[in-house]
Each structure stands twice: as structure tokens, then as C-alpha cells.
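Good morning, and thank you for making time for this item. Please look at the sequence and the structure together while I speak.

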Amino acid sequence: MEKTKTADYRFYGRRKGKKLKPSREVLLESFLPKVRLPDIVGREDIDPLSCFSLPVQSVWLEIGFGGGEHLAEQSRRYPQTGFIGAEVFLNGITSLLTHLTGMEHRGDVDENVGLAEGRADNVRVYGEDVRDILPCFKAGGFERIYVLFPDPWPKRRHADRRFIGPKNLPVLARLLKSGGELRIASDDMNYIRWSLQHLMNSPDFEWTARSADDWRKPPADWVNTRYEQKALAKGKKPVYLIFKRK
Ligand SMILES: C[S@@+](CC[C@H](N)C(=O)[O-])C[C@H]1O[C@@H](n2cnc3c(N)ncnc32)[C@H](O)[C@@H]1O
């Protein structure tokens, strides 16, 4: 995907992991084009509802979907909702495609792999830095934004690489409609403290938690992500933050 303007930010994570299996290369060629986000970079005021081939009632954005477990399952549960997912890591993108197609259950794939009719219609994927597309959407276009187990960048000198922070929060606030939700989860308590500090200082967001269980336990419709499963397996206790757009 071409970028039309020079970005004033850099992406510091991994873009590629181990070599892709041929079956996954096939998925990238044959299936990704069906779910790729239309080319909106450099444009403005795009209504997220217009990015889907069938009408959807509202749109949720997942930033850094990793292996795509959460995005794939939520899009299956909520067929009337449009899902835009952004992920830079190519192996993660192919993992999402296996979840969407059910390929992982079949073990391999052929040229004709595809979703059951309709399943491709409510998912759109941007395979680059999400910051390229955030300014392109119209204000209030999203009902929900997920940032799940973001890279923690624990060193103090890397703090400005943390996705939740003073640069991105106003951008996310612009995109959320009033009453819309920003959902963040992390098992890194430093990141949670950092996020809380910036969110509480923001004039745009209001924490919905009323008791400790509201942040200790995931919300009712939760789907485990891969990083969450890894954290739970190590005995860590993730924190789940839900902030409402004022
Ligand atoms: C620690 S992983 C968590 C993945 C997934 N959310 C999970 O919980 O399993 C963070 C992911 O965010 C992606 N990421 C970080 N910054 C991003 C950006 N600016 N745009 C798109 N993806 C990003 C990384 O590539 C990485 O896969």
C-alpha cells in the first residue's frame, strides 16, 4: 500500500517474522484482496461505514490485532458491525486470514479458499501503520476502538513509542462518536498506570469503572487475544480499561 505523504512518525516493531508457509502466501494473494481496506491514505472525511461491501450499522476499529483471534471472532459474533483492523506484522495478518477463512482447521489451503458468503463483508484490513489512516476518517465515525495488549515499551526513554499517550489520544477521541468506547487491555502494570494517567488527564474520556471488578475482569463479550493467553499462562493478571468518549 502506497503512502502519499511523508509521515512524521516511525514504526519501531517487527514487520515480518519467520518465513511464511506457501499456503499462507496463497492466502495473502487470494484472500487478502477481498478484505483489504480501500485505499484512503491522503484522503479526508471518509465515513468508515462506506468501507464495506454490504451495509453495516456501526464500525469498530482494532489497532494492532496481532494474530487476529479477537477481530475474527468479534466479526463473526456481530455480522451487522463493520470491523476495521490494522496490523503491521505480516505474519499476524496471515494469521487473521486463517481465522477468517477457517483454514487453520483444515490444515492447508487451495487457490479457491474463501469465507462462507457474507463473512468477508464486515472485515477490512489495513496492513500498515494505523496512524496512516486515522486522519482520513470523519470525526465520530467509530463506535468502538480496541487497543489490546499494545507493545509496552517499558524503558522510560521509549515512552513516546507507547500507542496510548498524548499524541494519539486526541486522534482517537476525534474518531469516536459521543458515548463510544475506547477499550484497552494490558498485563503490563507500568503501561496501565501510564494509560490511566493520560486518559484521566484527557478532557475527552471518562472511565466507566465503578468497582475493582470492572477493571480486573474482562467485559462480558470478551474474546481472549494471543498475548492475553500468554500472560494468563504465566499467571499474570491483565487489566481491562473501558473509557467512554464524552
Ligand atoms: C503486543 S502485540 C499484541 C497483539 C494483539 N492485540 C494481542 O493482544 O494478541 C501489539 C501489536 O500491535 C501492532 N502495532 C503496534 N503499533 C502499531 C501501529 N501503529 N499500527 C498497526 N499495528 C501496530 C504490532 O505489530 C503488534 O503486532
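Gly68 is buried in this predicted model, because 25 other C-beta atoms lie within 10 Å and 20 are enough for a residue to count as buried. This glycine sits in the loop between β1 and α3, the helix of residues 69–77. Which residues does Gly68 contact, leaving aside its neighbours within four places in sequence? They are Gly85, Gly92, Ser95, Leu96 and His99. There is also an approach from far along the chain: Thr225 is 157 residues away from Gly68 in sequence, yet the two C-alpha atoms are 7.8 Å apart in space.

Let me continue into the helix that follows this loop. Within α3, the buried residues are Glu69, His70, Leu71, Ala72, Gln74 and Ser75. Their packing partners are β1, β2 (81–86), α4 (90–101), β3 (123–126), β4 and α9.

I turn now to the strands. Strand β1, residues 58–63, pairs with β4 in the parallel sense over 4 bridges, and Ile63 stands opposite Val147 in β4. Strand β4, which covers residues 142–148, pairs in turn with β5, residues 176–186, again in the parallel sense and over 6 bridges. In that pairing, Phe142 is placed opposite Leu176 of β5. Is β4 enclosed or open to the outside? Since 6 of its 7 residues are buried, β4 is largely enclosed by the rest of the structure.

The connection between β4 and β5 deserves a moment. Together with helix α6, residues 168–175, these two strands make a right-handed β-α-β unit. Trp153 is found in the loop between β4 and α6. Trp153 has a positive phi of about 40°, although it is not a glycine. In general, most residues other than glycine have a negative phi. With 20 C-beta neighbours inside 10 Å, Trp153 counts as buried.

A second residue invites comparison. Asp45, in the loop between α2 (32–35) and β1, has a positive phi of about 65° and is not a glycine either. Is Asp45 buried or exposed? It counts as exposed, because it has 9 C-beta neighbours inside 10 Å and the limit for exposure is 12 or fewer.

On the other side of our discussion is the pairing of β5 with β7, residues 239–245. Here the sense is antiparallel, over 6 bridges, with Ser186 opposite Val239 in β7. Pro238 is located in the loop between α9 (226–233) and β7. This proline counts as buried, because it has 22 C-beta neighbours inside 10 Å. Not counting residues up to four places away in sequence, Pro238 touches Ala185, Ser186, Asp187, Glu228 and Ala231. Its C-alpha atom is separated by 8.3 Å from that of Met189, although the two residues are 49 apart along the chain.

That brings me to helix α7, residues 189–201. At 1.5 Å a residue, its 13 residues should span 18 Å, and its end C-alpha atoms are 18 Å apart, which agrees. Which residues of α7 are buried? They are Tyr191, Ile192 and Ser195. Seen down the helix axis, these buried residues fall within an arc of 95°, so they line one face of α7. As background, an α-helix has 3.6 residues a turn, so residues three or four places apart point the same way. The buried residues of α7 pack against β5 and β7. The face turned away from the buried side carries the exposed residues Arg193, Gln197, Met200 and Asn201.

Finally, the chain as a whole. The protein chain contains 9 helices and 7 strands. Along its principal axes, the C-alpha trace spans about 50 × 45 × 35 Å. How does the radius of gyration compare with that of a compact globule, and what is the value? For 246 residues, a compact globule would have a radius of gyration near 18 Å, and the protein chain has 18 Å, so the two agree. Of those 246 residues, 35% count as buried. Among contacts between residues at least 6 apart in sequence, 80% join residues at least 24 apart.

To close, I would return to the place where I began: Gly68 is buried, and Thr225, 157 residues away in sequence, is 7.8 Å from Gly68, C-alpha to C-alpha. Thank you; I welcome the discussion.

Methods:
Residues are numbered from 1 along each chain as its sequence is written. This is a predicted model: local features need pLDDT of at least 70, side-chain atom pairs count only at pLDDT 80 or more; totals for chains, interfaces and linings use all residues. Two strands pair if DSSP finds at least two bridges between them. A crossover is right-handed if, with the strands pointing away from the viewer, the path from the first strand over the helix to the second runs clockwise. The radius of gyration is taken over C-alpha atoms; the globule rule is 2.2 Å times the number of residues to the power 0.38. Two residues are in contact if their C-beta atoms, placed from the backbone, lie within 7 Å. The expected span of a helix is 1.5 Å times one less than its number of residues. The arc is that of the directions from the helix axis to the C-beta atoms.
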